[in-house]
Amino acid sequence: MSGNSTQADWKKPAAMAIPKEGFFKLEQGRYGPTFPKTPANYGFTIIAKIKPGREAVIREYGKKIEDTIAGLPDGLAVLRLHYLRWVLFDIGPETYFMYQGIFDTDFDKYTEDAVALFTKYGINTIFENLEGFPEDWKSNTPAFIKFVREHQRPSFLEYAEYPYVSADEIKKALRLKDSFSAMLDQMQ
Amino acid sequence: MLELNDIQHILLTRTPALTGEYVFVSFRNPTAGRAWLNGLVDKVRSAAEVQASLASSKRWVTLAFTWNGLRALGLDEASLCSFPDEFKQGMAARAEMLGDTGSNHPEHWVGGLASPDLHAIAILFARDDEERARCVAEHANLVAQCNGVEVLSSLELQATPPYEYAHDHFGYRDRLSQPVMEGSGEQPTPGSGGLLKPGEFILGYPDEDGPQQNLPQPEMLSRNGSFMAYRRLQEHVGAFRDFLREHGQTPEEQELVAAKLMGRWRSGAPLVLAPNADDAALGADMQRNNDFNYKEMDPHGYAVPLGAHCRRMNPRDTAANMNRRRMIRRGATYGPPLPESAPDDGVERGIAAFVICASLIRQFEFAQNVWINDKAFHELGNERDPIIGTQDGTLEFKIPKRPIRKRISGIPAFTSVKGGAYFFLPGLEALRYLAGQRDVPTSS
């Protein structure tokens, strides 16, 4: 049973406008200000310039990570992610990388777990192609967290068609639907 | 190899002390601080010495310093800067994140613990009251001789009877689950996890991720040291017993309520292995009393509620990255025991404990911020740790049960934070360096 579902009615779509700082009230987490839970749950949007000439390397990484996850479908389960989105885009002659994650845990709270897992599966290696990324990131979690926080761009609006619903709740509902369908099939 | 001759004993040894005293001191100037340290440094025993002399020793001394204390001793700016930010800021400055709000806020702390004038602690553990009195008097003599050293406060420690096993004022058996590190010569009890890399607890050694990074400098200062978070937790024994009586009709039901809050019966028997009735023999058997998991044996919390104290402080196989979150616990109870039939007498009693770890932010602060005080832990929504979480009477505690779970609303505060601090626990050579007995090594 989730306490989150009591936060709002999942049937009532909701939007939330967020102040420029990224939070309504300054609340310190271990590594800096914490960002609020919105109808679209927790998340981050990291935008950083890539090193010149690295675009192809970054794109190739997409395939590598596809294969990693195919072989380890539960690999990232503990992060309780909904989605990760990686985007490359140009501003003038420079190319930027946008890394957007939507998940159900407070970023500040579980940040070391995320770094550890991403490191284990090589997902963070992509960051080596970004300007200003700490070279010793594999062993220096605080430096990695600092980089992420410095490149985080908070949303000013977030919307959800089914607000505050966790990935676990969605999966539970789908499992129920599957077993219900199977039962109906067997009754035919 | 662990340098057992240089590591302060508290990191590796549990001494048979039944009493003791914590003395919190302030240095008006570096000369005064060094005089105090020089008067004590030879009394601090290494892990190797204490292990060899455990049966014959009567007292055990531990020294540690706040960041302000290192500055007050005259440590140079470059070294001071090399310490981690959370240690520099200190526990009181990080109160909001730790959950020390409301009546637990540092403005209510006692003994000068929230003050920047808190510079050092002398932990004087003693085998008996006579030895404690002797140590306290000897320390007072030293302070009297050191012009410019002030005692901010002290706390007398007393084990609570019966003395056969360690337990707190609520009656819960303690010291059941401890991490064990490689090279310590010990083996973890069944269920306590594998041997951990020493760098999880001691500076200068590889940790579970490889070589440690960003160690305080010079290397001689950090080597064989560690960080300690001190917590003085008052236990409201009267309120706790009232709660048990309110929610349990019979003594057996009251024991079950106590067990559900903790995740273990007060005997120490884990609910996962003894879900329906207490099993005192199991509780006392170190080969069996920690041998369980949650993911396979109790995934829904029918034995141990998801928000129970044990399940939060050590989620075992239901949390990621567990080997990087382990902590060594030391400490003692203080204050007189409250007789079972007596109403609360208003006297402060509780636990004065140390959490020892290589990284306060990754280990101690994570436990406080996420495991103890995160209302959304395990998606519980409106709960904090029922024993040591910050409670203001507005939160609840859910006990999963078939067919319908039990929900207890308005959990009162069974404990209050009366003080706390972050200390650096240097190795013996580092203590001598801080005392001015060693030159700065030219190589670093």
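# Asn373(B), a shared interface and unpaired cysteines

Guide: In this predicted model, a polar atom of the side chain of Asn373(B) lies 3.0 Å from the backbone oxygen of Leu98(B).

Visitor: What makes that a polar contact?

Guide: The cut-off for a pair of N or O atoms is 3.5 Å. The distance from the Asn373(B) side chain to the Leu98(B) oxygen is 3.0 Å, so the pair falls within the limit.

Visitor: Which backbone nitrogen does the side chain of Asn373(B) reach?

Guide: That of Thr390(B), at 2.8 Å. This value is also within 3.5 Å, so the pair passes on distance. Both Leu98(B) and Thr390(B) are among the residues that Asn373(B) touches, as are Gly99(B), Gln368(B), Arg384(B) and Gly389(B), leaving aside residues up to four places away in sequence.

Visitor: Where in chain B does Asn373(B) lie?

Guide: In the loop between helix H13 (360-372) and strand S8 (396-399).

Visitor: Why is Asn373(B) called buried?

Guide: Its relative accessible area is 9%. Buried means under 20%, so Asn373(B) qualifies.

Visitor: How do you know that Glu112(A) forms a salt bridge with Arg325(B)?

Guide: The closest N and O atoms of Glu112(A) and Arg325(B) are 2.5 Å apart. The limit is 4 Å, so the pair counts. Across the interface of chain A and chain B, three salt bridges are found. Helix H2 (residues 111-120) gives the most to the side of chain A that touches chain B, with three residues. By class, that side of chain A has six nonpolar, eight polar and nine charged residues.

Visitor: How much area do chain A and chain B bury between them?

Guide: About 1800 Å², with 45% of it on carbon and sulfur atoms. In chain A, the residues that lose the most area to chain B are Arg30(A), Lys109(A) and Asp113(A), together 33% of what that side buries. The contact takes 23 residues from chain A and 19 residues from chain B.

Visitor: How many disulfides does the structure hold over all chains?

Guide: Zero. Take Cys146(B): the nearest cysteine sulfur, that of Cys135(B), is 17 Å away. A disulfide needs two sulfur atoms within 2.5 Å, so Cys146(B) is in none. For Cys310(B), the nearest cysteine sulfur belongs to Cys357(B), 19 Å away, so the conclusion is again no disulfide.

Visitor: Are Cys146(B) and Cys310(B) buried or exposed?

Guide: Cys146(B) has a relative accessibility of 7%, and Cys310(B) a relative accessible area of 17%. Each value is under 20%, so each cysteine counts as buried.

Terms used
Residues are numbered from 1 along each chain as its sequence is written. Chains are lettered from A and ligands numbered from 1 in the order in which they are written. This is a predicted model: local features need pLDDT of at least 70, side-chain atom pairs count only at pLDDT 80 or more; totals for chains, interfaces and linings use all residues. Side-chain values use heavy atoms; hydrogens and water are left out. Helices (H or I, at least four residues) and strands (E, at least two) are DSSP runs, numbered from the N terminus. Buried means under 20% relative accessible area, exposed over 50%, partly exposed in between (1.4 Å probe, protein chains only). A polar contact is a pair of N or O atoms within 3.5 Å; within protein, one must be able to donate a hydrogen and the other to accept it, and residues adjacent in sequence count only if both atoms are side-chain atoms. Contact means heavy atoms within 4.5 Å. Buried area is the accessible area (1.4 Å probe) that two parts lose on being put together, summed over both. A salt bridge is a side-chain nitrogen of Lys or Arg within 4 Å of a carboxyl oxygen of Asp or Glu. Ala, Val, Leu, Ile, Met, Phe, Trp, Tyr, Cys and Pro count as nonpolar, Asp, Glu, Lys and Arg as charged, and the others, Gly among them, as polar.
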